[in-house]
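Here is a short tour to follow in your viewer, one selection at a time. Open the model, show it as a cartoon, and keep the selection tool at hand.

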Amino acid sequence: MSIGESMQKQAEEFRNRYNAVREQIGRVIVGHDDIVHGVLTGMFIGGHCLLEGVPGLGKTMLVRTLAETLDLKFNRVQFTPDLMPSDILGTNMINENAEGRRVFEFQRGPIFTQILLADEINRATPKTQSAMLETMQEGTVTVAGQRYELEKPFFVLATQNPIEQEGTYPLPEAQLDRFLFKLVVGYSGREELATIVDRTTKGINIRPEKVMDGTEIRTWQKLIRDVILAQHVQDYIVRLILATHPNGPYALPITNQYLRWGSSPRGAQTIALASKVRALLEGRYNVSFEDVRRSFLPAMRHRVILNFEAQAEGLDTDHVLLEILEKLPEKGEDAPVKAALAR
């Protein structure tokens with residue numbers, strides 16, 4: 001078997017296994033296909049997802065269903081204003097050993113899991129939110145100078161309510177940037193809502209089957225990183241990120257007019273990895289421009305900050321980002337010149 005045939009076979013196998021997980025989630029969750037895809041993409045990449053939507057749209061149910069579909073450890077933390085960092089990470093407690101001596105023992109918190117549901121994360125204080133920064137970035141927990149490794153794979157799925165802002169604390173930019181995607185959960189349509197009512201008011205209890213474990217997930221995570229990202233497609237991703245930087249060399253008019261801050265390099269990393277997932281799902285082992293475009297919005301909407309003028313006009317980040325995506329050409333004219341100068 002040639003290398004090309006082997007890659008094609010792996011891509012096909014990944015698509016089948018991905019669809020197996022998605023099918024089990026679909027037995028419980030009605031609709032929200034883009035949200036389910038975003039969450040699964042985050043899982044296979046090894047990142048975290050932030051789900052935003054009004055109460056009752058199934059955000060918590062989606063995360064619980066995913067946990068039931070995967071053979072992974074699962075914990076849920078309900079974030080409240082009185083939640084302390086030690087309630088999440090754990091703390092050292094004084095215990096008595098067999099010899100009767102009192103010793104400190106570390107009692108692990110709910111963060112020591114593989115799937116963590118951080119429910120209504122914006123209700124906790126910044127002090128508690130910051131306790132998760134190291135965990136989300138490095139997969140470790142440091143308490144009293146002792147560092148603990150979390151079991152892999154590990155990812156955080158957080159939810160927040162955009163309409164009740166009293167008693168909430170907006171997530172700091174440093175923490176927002178650690179989320180792979182921000183997924184906006186919308187209302188269900190007429191047929192979807194009818195199906196939800198049928199399923200939930202007639203005593204029907206559907207339970208998903210476990211179809212994948214942590215070892216297999218880590219195998220797919222490695223495969224995704226092996227997908228080919230051609231130089232001209234990578235340059236398109238880079239220019240998309242630079243186009244969000246106000247007054248930068250690649251800034252578009254709408255960028256300078258409405259954005260105060262642009263994306264960090266994590267935005268480029270996220271788009272590249274998410275595009276590789278989409279390529280595999282299309283049966284390809286190389287990333288296309290269309291893969292990049294379809295990954296752009298959820299990867300970027302929480303990584304740019306609007307200025308006062310945009311807020312005064314009632315614009316949101318999606319509006320600005322979609323125009324950047326529309327106006328920026330796929331091929332950069334000066335890329336070959338810079339490559340030649342670099343050599």
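Accessible areas here come from the Shrake-Rupley method with a 1.4 Å probe. On that basis, the protein chain has an accessible surface of about 17500 Å², and carbon and sulfur atoms hold 51% of that surface. Please keep in mind that this is a predicted model.

**Stop 1: the whole chain**

Start with everything selected. Colour by secondary structure and you should find 16 helices and 13 strands. Along the principal axes, the C-alpha atoms fill a box of roughly 75 × 50 × 50 Å. The radius of gyration is 22 Å, which agrees with the value near 20 Å for a compact globule of 343 residues. Of the 343 residues, 48% are buried. Among contacts with a separation of 6 or more, 75% are between residues 24 or more positions apart.

Now select the charged side chains. There are 40 positive and 44 negative ones, and the centres of the two sets lie 3 Å apart.

**Stop 2: the nonpolar cores**

In soluble globular proteins, nonpolar side chains tend to be buried together. Which residues touch the most other members of the largest nonpolar core? Select Phe14, Leu66 and Leu70: they do so in a core of 73 residues. Next, add helix H12 (residues 265-281), which gives the most to this core, with nine residues. Apart from this core lies another, of 26 residues, and Leu50, Phe112, Met132 and Val141 are among them.

Return to Phe14 and show its surroundings. Beyond its neighbours within four places in sequence, Phe14 is in contact with Phe44, Trp220, Leu223, Ile224, Val277, Leu280 and Leu281.

**Stop 3: backbone details in the loops**

Select Lys152 and Pro153, which are joined by a cis peptide bond with omega of about 0 degrees. Pro153 sits in the loop between strand S8 (146-149) and strand S9 (155-160).

Then go to Glu120, in the loop between strand S6 (115-119) and helix H5 (126-130). Glu120 is not a glycine, yet its phi is positive, at about 50 degrees. Is Glu120 buried or partly exposed? Glu120 is partly exposed, because its relative accessible area is 23%.

For another positive phi, select Asn247, also not a glycine, with about 65 degrees. Its loop runs between helix H10 (231-242) and helix H11 (253-258). Asn247 counts as exposed, because its relative accessible area is 69%.

**Stop 4: Gly90**

Select Gly90 in strand S4 (residues 90-96). With a relative accessible area of 7%, Gly90 is buried. Leaving aside neighbours within four places in sequence, what is Gly90 in contact with? Show Pro85, Phe106, Gln107, Arg108, Gly109 and Val143 to see these contacts. Add Ile111 too: Gly90 and Ile111 are 21 residues apart along the chain, and their C-alpha atoms are separated by 8.1 Å.

**Stop 5: Glu192**

Finish at Glu192, in helix H8 (residues 190-201). A relative accessible area of 29% makes Glu192 partly exposed. Setting aside neighbours within four places in sequence, Glu192 is in contact with Val30, Gly31 and His32. To end the tour, draw a distance from Glu192 to Met7: they are 185 residues apart in sequence, and 37 Å apart in space from C-alpha to C-alpha.

Methods. Residues are numbered from 1 along each chain as its sequence is written. This is a predicted model: local features need pLDDT of at least 70, side-chain atom pairs count only at pLDDT 80 or more; totals for chains, interfaces and linings use all residues. Side-chain values use heavy atoms; hydrogens and water are left out. Helices (H or I, at least four residues) and strands (E, at least two) are DSSP runs, numbered from the N terminus. The radius of gyration is taken over C-alpha atoms; the globule rule is 2.2 Å times the number of residues to the power 0.38. Buried means under 20% relative accessible area, exposed over 50%, partly exposed in between (1.4 Å probe, protein chains only). Contact means heavy atoms within 4.5 Å. Lys and Arg count as positive and Asp and Glu as negative; His and the chain ends are not counted. The place of a charge is taken as NZ of Lys, CZ of Arg, CG of Asp or CD of Glu. A nonpolar core is a set of buried Ala, Val, Leu, Ile, Met, Phe, Trp, Tyr and Cys residues joined through side-chain atoms within 4.5 Å.
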